[in-house]
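Work through the exercises below with the sequence and the model open. Each task is followed by its solution.

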2 protein chains.
Amino acid sequence: MIGIKSIASYVPASGLDNYAQGAKFEKDEEFILGKIGSAFLPRKDPAQETSDLCVEAANALFANNPQLDRQSIDVLIVVTQNGDEEGLPHTSAIVQDKLGLSTNVAAFDISLGCSGYVYGIYAIKGFMEAAGLKNGLLITADPYSKIVDPEDRNTTMLFGDAATATWMGEDATWQLGKAKFGTDGSGAPHLKVTDGVFYMNGRQVFNFALLKVPAHLHELLNESGLTSQDVDAFCIHQGSAAIVDAVARRFEGEPEKFIKDMVETGNTVSSSIPLLLEKHMFDSNWKRVAISGFGVGLSWGSAIIHRP
Amino acid sequence: MIGIKSIASYVPASGLDNYAQGAKFEKDEEFILGKIGSAFLPRKDPAQETSDLCVEAANALFANNPQLDRQSIDVLIVVTQNGDEEGLPHTSAIVQDKLGLSTNVAAFDISLGCSGYVYGIYAIKGFMEAAGLKNGLLITADPYSKIVDPEDRNTTMLFGDAATATWMGEDATWQLGKAKFGTDGSGAPHLKVTDGVFYMNGRQVFNFALLKVPAHLHELLNESGLTSQDVDAFCIHQGSAAIVDAVARRFEGEPEKFIKDMVETGNTVSSSIPLLLEKHMFDSNWKRVAISGFGVGLSWGSAIIHRP
């Protein structure tokens, strides 16, 4: 069974002091830390392309896993909605070349936002099993600094740039259990790019998340024959401190199990869940973790991952 | 086993007389029919969005298959590099809403060009099997009329707009056999969009296809323990009449089995293979078909599909 073997990441060292940015919009430190959740927002160098962030994360993964020969990678999926080029070609092809992977690699991009990692692990596992492939790289990289207007108080204090790389293969330390997905395109206008600038209706997105995510997690647990006592941690998309806190409260079951860790990263879109897993899961004694991503589309996905 | 149950399509009725277009560039009818391969190039109405083409193809599929309740669709993948919006949201979310599908649908876009259908059928089958889903829609829609410069003689005589919808599920009439994939991002600059306009280095793409595709098909057959005698038809991407003819000759094995059918459609990108399958495969007595897509990325994929 194909599962998650390792996760690595790239978070740019430079970025924005979010307290200073908050002051510009007359937001105090309590708001920045308590509601937004992030004191620092990493920003890629303007000369770095999305593919460069992917390469940094993948090279960190190769460095952490010397037993993984990059020539053995046979599938590469990049989850992004802010790729290098305008529509075509796909960013994963550029990453194949920059990483020096074999030309025998299957590569494509998945267009999804904050739900992308949950979809992505099932998409790559399924593709590998359907096509008989052995070593997969699932990369997330959605640098919103390319599209966020620094004068838009609704978005500029939220998003951070980052990329993650997940090695998928046999004999994995974490297996994929049951998953559930959802889409409501009637909410598509709440998160969109027009003339190169990102717009978000924060209130609508907050209400959507609060309405959907706790109920979705309960359905997932019920259909898996589990309760929250069986889950060691909930690693949900780090949209903001306020949304993680609100989902945890509304879920009504051990809110302390909801991991919140975005002080130094901001909302990194599809990278937020793998960043949590990388930092908190692999060295833990957790046996079972629930993940949930939600956002652009509107789109949501929740899953149970567990040790074999 | 999830397989291909049905395929439907939408080809706009209006479009360009390619002989007239050829005359503008001093190309005669022999060139247009013999080298380009298309007398007519369908063009969507400027008011039609990519999602509208998807909806037309999906509605044709529902009309052809009254036993398929649209509320039973639980996954929707759109293969496109020319979606409705700028990067986000994904087109599949918009299609979910326009089709009136359940919000329990898993939806995402795959960014691939002319290789997209071969990748797409394995991606949706794998995702469905990994996530336990039952009825999938794989839609291709990549209207190049949005990006082709009508004054560019290298591209404007080639591409036609179309969309296809494939129903994937259990008890299918066609099953997916062995597949092989490849990517060479060093060739990414040969097909790309800059400032909204598509550029193609036709000679490089032709050479790439001729170098890769016949060899790739031979490898696929060898690794499947098959020869060309075991395959009833080769349905490869209809890049142009010249490329289909050249691949068939270079393959050196029953060139008459290579289906060529683009006179009324042009190069429809990821829709070209499913258009062939819809028109020629379902009512045939074929038992085994080889498919191969190649293009943007550079990216290629070949597979055997067969009756159970």
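**Exercise 1. Place a buried strand.**
Task: find what stands opposite Ala165(B), then describe the strand that holds Ala165(B).

Solution. Start with the pair: Ile139(B) stands opposite Ala165(B) in E7(B). This is a predicted model, in which local features need pLDDT of at least 70, side-chain atom pairs count only at pLDDT 80 or more, and totals for chains, interfaces and linings use all residues. Residues are numbered from 1 along each chain as its sequence is written, while chains are lettered from A and ligands numbered from 1 in the order in which they are written.

Next, the strands. Helices (H or I, at least four residues) and strands (E, at least two) are DSSP runs, numbered from the N terminus. Two strands pair if DSSP finds at least two bridges between them. Strand E6 (residues 136-141) of chain B pairs with E7(B) in the antiparallel sense, over six bridges. Strand E1 (residues 3-10) of chain B also pairs antiparallel with E7(B), over seven bridges. There, Tyr10(B) has Ala163(B) as its bridge partner.

Now burial. A residue is buried if 20 or more other C-beta atoms lie within 10 Å of its own, exposed if 12 or fewer, and partly exposed in between, with C-beta atoms placed from the backbone. In strand E7 (residues 163-169) of chain B, seven of the seven residues are buried, so the strand is largely enclosed by the rest of the structure. In a regular strand the side chains alternate between the two faces of the sheet. Both faces of E7(B) are covered: one has Ala163(B), Ala165(B), Trp167(B) and Gly169(B), the other Thr164(B), Thr166(B) and Met168(B).

**Exercise 2. Order a sheet.**
Task: which strands are the edges of the open four-stranded sheet in chain B, and which helix packs on it?

Solution. Write down the order: E8-E13-E12-E11 (chain B), with mixed pairing. The edges are strand E8 (175-183) and strand E11 (233-236) of chain B, each pairing on one side only. Neighbouring strands are turned by 15° against each other on average, direction ignored. Axes are lines fitted to C-alpha atoms, for helices over the stretch in contact, and angles run from 0 to 180 degrees between N-to-C directions.

Check one pairing. E11(B) runs parallel to strand E12 (residues 288-295) of chain B over four bridges. Phe234(B) has Ala290(B) in E12(B) as its bridge partner. Then add the helix. Helix H5 (residues 116-131) of chain B packs on the sheet and touches E8, E12 and strand E13 (299-306) of chain B. The direction of H5 makes about 125° with that of E8(B).

**Exercise 3. Describe the chain contact.**
Task: how many residues of chain A are in contact with chain B, and which element gives the largest share?

Solution. Set the cut-off: two residues are in contact if their C-beta atoms, placed from the backbone, lie within 7 Å. Count: 50 residues of chain A meet 50 residues of chain B. Helix H4 (91-99), strand E5 (106-111) and H5 of chain A are among the elements that give two or more residues to the chain A side. H5(A) gives the largest share, nine residues.

Finish with the strands. E5(A) pairs antiparallel with strand E5 (residues 106-111) of chain B over three bridges. Ser111(A) has Asp109(B) in E5(B) as its bridge partner.
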